[in-house]
Amino acid sequence: MGGERDDPPPDALDAELGQIDALNRMETPRPGSPDGQEPSGPGRSGPTGEDGRRRDSLLLSAGHAVAAADSLDEALKLVAALYAPDFPLDGQCVFGIGEGNLNVLGQYGFRPGGADRGFRMTLTTGYPAAEVARTGRAVYLSSTDEYRRRFPATWHLSARKKREAWAFLPLVTAGRVTGVWLTAFRSPVAFTAAERALLTMTGRMLAQVLERARASRAELELSRGLRRSMRTAGPALTGLSVATRYVPTGGGLMVGGDWYDSIDLPNGRLALVIGDVQGHDVHAAGLMAQLRTAVHAYAAEGHGPDAVLARASRFLTTLDEDRFATCLYIEADPSTGDLHIARAGHPHPVLRTPDGTCLIKHISGGLPLGLMPGEEDYPVDIVRLHDDEILMLCTDGLIENGGHDMYTGWVRVRDAFSPGPVDDLEGMADRLMSAVLSPGPGAEGGATTRDGDDIALLLLRRDSGQPRAEVSPRRLMLTVGQHQAEGLAEARAELKALLHDWARPDQVDTAVLLATELLGNVLVHTDQDGALNAYVTGEAGRRRLLVEVMDRGDELPHQRAPGELASSGRGLMLLDILADQWGVRPEPEGKTAWFALAEVPPADAGDTAAAD
């Protein structure tokens, strides 16, 4: 999970410092002893016991600070505090490894134009950092002469920078070299065992800082991508308007576990979703992205609100048994204003009437998604949204931001939601966010209140002045059993009677043909009974017929290309050719095949007849 650090505990640092101190004592000659002469070689002598203990103290304080550093630049600055006369650390650079090249990730102590971020070098180059990247073994160069002897092709890159010793150490994460740390010194250094141990331990701490920095960048890119995907809720259908807002957590991520979505359904309706995955870290953001995609897919398949939430709950359980999510799902019919709502532990929506009155609309609900596998029961409530009424969906961050509880937060939201013209939905969303994010008294200008919880907001308005297809009392419901051969003939007769005044008789014939095909498919290809529902809505001459045929079989039909002499397989082809709209949607138990026909106005029918 993002944000967790695998840093060495303080006692581990103390233990390593103890080992380095022991090496210092072994390498430091006691005054007056037979071994009390200067060491040979180009480097300086090892530190005295007092100097070694001083440097160990500096390393202890710097080590804990480096282990907690949030950025590579900060860590390099802290490591620079290890400078001492006998350890003349003068410059540092961290190289990253990618695509067969070295590139500079950070530096400290080099002048601009030296080790800058535009540096690139192939790993095949005869350069110490490239050798370390290839072999994983540190390179210590005690003097300019040693540098020139071992790396004649590249020693000149550092020869003119007034430095006389260098160390190149691998930065290893999970057993893999992910970078190289260069340290440069003002004068020759012998690189005793204690000094090498000091550099090795510091390199391990820098490797952890580098890994955290990379993880943070990856999390930031993930959150940016997820936020871009929620920048708009998509276009609403005629008669409905939607406004959305999203404000991320106050942490480093640009997105958390909250989300919203707007989905065009195959039956001409609109689905609206808002949800909140437990947590505010990158793991919550990743789960949110997968859950949002799953809900979108289930909705696009044609499942009802209860089935969408039940399937989403089981899906979340397969991803992470330790996290749950709340969700509210609405299937909106723009022609009637009917909202079919299912709720999974999410805050209730708020209804605003045209005069500004706001009230919490209590919706039946089930448990949060993924909380208790096997308990996926989500009842569906039906609410009618009238002209100029607005339904507000939000996550708990909108209510509780700024330290409010559910009651005081609701009062604040209500006071911001009530005023203003109903036709300015975007302005209403802006006022809500401003009221919630505005700083309290005494705060600095331009500041905002962010308590670490995401805020997702979705406003749905039923627009006035739109032509309505009023619900007609004309409806047909019947069931044809497997052993009722006469049932098909009765269904055809009743459907013709339902459409007795339809403007065009040929459309009535088409409806009867398609309904017969759907019922016949149930009786022939399953062992289930077929249930037919037919609805006629709208004004005479411009009505809409919707026919649904349901059965409890699980197998979905597939469109085929039958041969010339085939006796079956043409049902879906006829639907595709003759129906204005059609589809097949899975149900909690079984499936529903449906088609829709729009009545052609009488004038158009007359024109067609004259043309014939």
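Let me start in a loop: Gly-374 sits between β13 (358-360) and β14. Helices and strands here are DSSP runs numbered from the N terminus, H or I of at least four residues for helices, E of at least two for strands. This is a predicted model, where local features need pLDDT of at least 70, side-chain atom pairs count only at pLDDT 80 or more, and totals for chains, interfaces and linings use all residues. Residues are numbered from 1 along each chain as its sequence is written, and side-chain values use heavy atoms, with hydrogens and water left out.

Back to Gly-374. Is this glycine buried or exposed? Gly-374 is exposed, because its relative accessible area is 61% and the cut-off for exposed is over 50%; buried means under 20%, and partly exposed lies in between, with a 1.4 Å probe and protein chains only. Its C-alpha atom is 9.3 Å from that of Ala-310, and the two residues are 64 apart along the chain.

Now the sheets. β14 belongs to an open, antiparallel sheet of five strands, ordered β8-β9-β10-β11-β14. The edges are β8 (258-264) and β14 (380-384), each paired on one side only. Neighbouring strands are turned by 20° on average, direction ignored. Those angles use axes fitted as lines to C-alpha atoms, for helices over the stretch in contact, and run from 0 to 180 degrees between N-to-C directions. Seven antiparallel bridges link β8 with β9 (residues 270-277). Strands count as paired if DSSP finds at least two bridges between them. One residue pair to look at: Tyr-260 has Ile-274 in β9 as its bridge partner.

Next, the sheet of six strands. Its order is β3-β2-β1-β6-β5-β4, open and antiparallel. β3 (120-122) and β4 (139-141) are the edge strands. The twist averages 25° from one strand to the next. Within it, β1 (residues 89-98) and β2 (residues 101-108) share seven antiparallel bridges, and Val-94 stands opposite Gly-106 in β2.

A quick stop at helix α4, residues 128-135. Its buried residues are Pro-128, Ala-129, Ala-130, Val-132 and Ala-133. Gly-136 follows α4, with a positive phi near 80°.

Now to β21. Seven of its eight residues are buried. β19 joins β21 through eight antiparallel bridges, and Met-550 pairs with Thr-592 in β21. β20 (residues 581-586) joins β21 through six bridges, also antiparallel. There, Val-584 stands opposite Ala-593. β20 and β21 make a hairpin with four residues between them, and Gly-590 in the turn has a positive phi of about 95°.

That leads to the largest nonpolar core, which has 30 residues. A nonpolar core is a set of buried Ala, Val, Leu, Ile, Met, Phe, Trp, Tyr and Cys residues joined through side-chain atoms within 4.5 Å. Leu-495, Leu-499, Leu-532, Ala-534, Leu-545 and Phe-595 touch the most other members. Elements supplying at least two residues each include α13 (487-498), β18 (530-537) and β21 (591-598). Which element gives the most to this core? α14, with nine residues. In soluble globular proteins, nonpolar side chains tend to be buried together.

Last, an exposed nonpolar residue. Ile-577 lies in helix α15. Ile-577 counts as exposed because its relative accessibility is 63%.
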